[in-house]
Amino acid sequence: RIAHVACGGRHCLCATAFAPLIRVDAGVLGNDLRPALLSSEFSDVTFVVEGQPLPAHRAIVCCRSAVLGALCTEAPDGASIEVPGISVKVFTAVLEFIYTGEVKNIT
């Protein structure tokens, strides 16, 4: 049972009945989601950029991007969404940021 939660910056502190203080790095979620990036496992939408299919997960995309979320909302499950006017490299970096909160390498 959580008795108190305090958040600031990248960390949250929780006081529970079992442990007086637990420190959770908010960056952990991004690390946990990184394997899902461009994975077709459990994906329910595919962005097509420059003819290349890029699988994604509607719930993650909708939570993190209003623009891409709107595209996903309009498309049926399993749909392919064409994304014109952007390179695969840049769009992949956008997805990486959506999933992890960072872009490791865009060069």
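## A sheet, a helix and some unbonded cysteines

Strand E4 (residues 45-49) runs parallel to E6, and four bridges join the pair. Two strands count as paired if DSSP finds at least two bridges between them. One of those links matches phenylalanine 47 with isoleucine 81 in E6.

Before going on, keep in mind that this is a predicted model: local features need pLDDT of at least 70, side-chain atom pairs count only at pLDDT 80 or more, and totals for chains, interfaces and linings use all residues. Residues are numbered from 1 along each chain as its sequence is written, and side-chain values use heavy atoms, with hydrogens and water left out.

Back to the sheet. It is open, with three strands in the order E5-E4-E6 and mixed pairing. E5 (52-56) and E6 (79-82) sit at the edges with a single partner strand each, so one side of each has no neighbour in the sheet. On average, neighbouring strands here are turned by 30 degrees against each other, direction ignored. Angles run from 0 to 180 degrees between N-to-C directions, using axes fitted to C-alpha atoms, for helices over the stretch in contact.

Helix H4 (residues 88-100) packs on this sheet, touching E4 and E5, and its direction makes about 5 degrees with that of E5. Contact here means heavy atoms within 4.5 Å. Several H4 residues are buried, including Val88, Phe91, Leu95 and Ile98. Their cover includes helices H1 (27-33), H2 (58-64) and H3 (66-74), along with E4 and E5. Just after H4 comes glycine 101, with a positive phi near 80 degrees.

What about the cysteines? A search of the whole structure turns up zero disulfides, a disulfide being a pair of cysteine sulfur atoms within 2.5 Å. Here are two of the cysteines, with burial cut-offs of under 20% relative accessible area for buried, over 50% for exposed and partly exposed in between (1.4 Å probe, protein chains only).

| Cysteine | Closest cysteine sulfur | Relative accessible area |
|---|---|---|
| Cysteine 63 | cysteine 62, 7.0 Å | 69%, exposed |
| Cysteine 72 | cysteine 62, 4.8 Å | 0%, buried |

For cysteine 63, that 7.0 Å is too far for a bond.

Zooming out, the protein has four helices and six strands, and along the sequence they follow the pattern β-β-β-α-β-β-α-α-β-α. These are DSSP runs numbered from the N terminus: helices (H or I) have at least four residues, strands (E) at least two. Of the 107 residues, 31% count as buried.
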